[in-house]
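Here's a quick tour for anyone meeting this protein model for the first time. Have a look at it before reading on.

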Amino acid sequence: MKINIIDWIKVGFVLGLFQGYSIMGYAQNTELYKEKYRPQYHFSPRKGWIGDPSGFIYYQNKYHMYWWGKAESEDLVHYKQIIPNNDSVFSCMKGAPENIAYFTGSILIDKNNTAGFGKNAYVAAYTAFEKDTKKQAQGISYSGDGLTFDYYQGNPVLDIESTEFRDPTVFYYEPTKKWIMVVAKALEKKVKFYSSSDLKKWEWMSDFGPAGNEERAWECPDLFQLSVDDNPLNKKWVLVVSINWNKEQYFIGNFDGKEFKLIENHPKEALYVDKGLDYYASRTFRDYDNTLKTVSTMGWVATWDYAPHVPSTYGKGFWSLPRDLALKTFPEGLRMIQTPVKQLEQLRYDEISFQHTLEMGVHRLPQFSPEENCYEMDVCFDVSSKNVFGFNLCVGEGRKVVISYDTESNSLLIDRMNCTDASIPGFGRVAFAKVTPENNQLKMHIFVDKSSIELFVNEGKDVFTLLTYPSEGQTGIEVFALQKGTSMKFKGWKLKPSSPY
């Protein structure tokens, strides 16, 4: 991601996000994490800006999450913020020349001391941005404890004299005993692949792209393996690229340590990770304990058009629900599916379950009426008969979010043109996508938090993430249909906050 961190510090001061607060003050503030719009079971920092995930690893039985701050979790549900430990939100990165700012990157564990920073050293790989020339090159910093990183004085470790070369993901590729760097050549819509034995000297191997969506810019690439149809002996590589500063696309292929090549009959059109309005710059967790059974990811819930202008008072931004990834074969081919991690189920309480046949018109959902926007719904509709139906969420004070499905066109529409009580320039938008039912069933798994909705359709083949920012009074849930007769199976839960942080 092309972000000048120094500029964001300045923005933070302008917004008043960093004024007059200390960690002690936060501990004494009983309103912490109760601020209006503050998500209750998504991770957000104690204060300040959070943007792209910049290092997700699983190490020593913990999930470590960096954004040039740091949080840790044992279950991807409850989080403990480790950094910042003072008023500087970028306190973990030390020693860079004044002319250098940090852009998005990744974190790795150098188990065998290949770089000479020590056995099991934490190494941050990131884009070093020169503020005077605007040049973007790749640099590294190192740490013995994962809390404070020292700038490598031999930086940059990879420099092609470009102003659009950023966001490295670095991982170890066992078959060749080499580190692999996956990095974007943004305006060329390319992903470049490099290898290294020591994290300091990098050799170019190949390029991938342009392909799929070729508009504007490519950023924040990630490359990882997934099992096909739950078969651990059959795996493919997935390359995810953030595009247009508001979406992600993915490619399925094979990687041999040098080149990424698409599978046979890969579609030419873009395959989107998320078809909503606000999901970007996701990263998968790299497993350095070699114990995880799933590949999990989280993304930034935001869009650059209005990310600096959202009305939250603790700061700006939060991350998505953690999602498990897999590949599944459908009639149209192989596709990536995403499901919320099972650990989230521990937040459930007050379960409601019922079956219902939809009436014509709009009706409140009397069986399930949470007092606040902090709940989960798992719903299955029979779509064997023609209809247009759906939910109005965050209903109240003349505002709502509309989720609508048309059985004739197989189109799912999400309308948030009139959902927030705040003034956010460019926020009123509509998301639309074709969603094919399975066996005449449409399954919607919906998570509503204070300022967002995440919708997983048909086991996560189609996912929609969007910000909402409703008022505290907008907690109503309505179900609607143009015709009567569509049957619905409903389960719902209120969700507990995932604090303490």
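A disulfide is a pair of cysteine sulfur atoms within 2.5 Å. With that in mind, this predicted model turns up 0 disulfides when the whole structure is searched. Take cysteine 374: the closest cysteine sulfur belongs to cysteine 394 and sits 12 Å away, so a bond is out of reach.

Three buried residues come up in this report, and here they are with their relative accessible areas:

| Residue | Relative accessible area |
|---|---|
| Cysteine 374 | 3% |
| Cysteine 380 | 16% |
| Leucine 442 | 0% |

Let's stay with leucine 442 for a moment. It's part of strand β34, which covers residues 441–449. Not counting neighbours within four places in sequence, leucine 442 is in contact with several residues, including Cys380, Phe381, Tyr405 and Val457. Threonine 133, on the other hand, is 309 residues from leucine 442 in sequence, and their C-alpha atoms are 52 Å apart.

Now for the nonpolar cores. The largest one has 47 residues, and among the members that touch the most others are Met377, Phe391, Leu393 and Ile446. Isoleucine 446 itself, again setting aside neighbours within four places, contacts Met377, Phe391 and Leu393, plus others including Ile403 and Leu455. There's also a second, separate core with 34 residues, Ile107, Val157, Val170 and Leu199 among them.

What about nonpolar residues on the surface? Leu413, Met417, Val430 and Phe432 make up a patch there, together offering about 370 Å² of accessible area. One of them, methionine 417, sits in the loop that links β32 (411–415) and β33 (430–434).

Terms used
Residues numbered from 1 in each chain as written. Predicted model: local features only at pLDDT ≥ 70, side-chain atom pairs only at ≥ 80, totals over all residues. Heavy atoms only, no water. Core = buried A, V, L, I, M, F, W, Y, C linked by side-chain atoms within 4.5 Å. Buried < 20%, exposed > 50% of the residue type's maximum accessible area, 1.4 Å probe, protein only. Contact = heavy atoms within 4.5 Å. Patch = residues over 30% accessible without salt bridge, like charges linked within 9 Å, V, L, I, M, F, W, Y side chains within 5 Å. Areas by Shrake-Rupley, 256 points an atom, 1.4 Å probe, with all protein chains shown as cover. Salt bridge = Lys/Arg side-chain N within 4 Å of Asp/Glu carboxyl O. Helix = DSSP H or I, 4+ residues; strand = E, 2+ residues; numbered from the N terminus.
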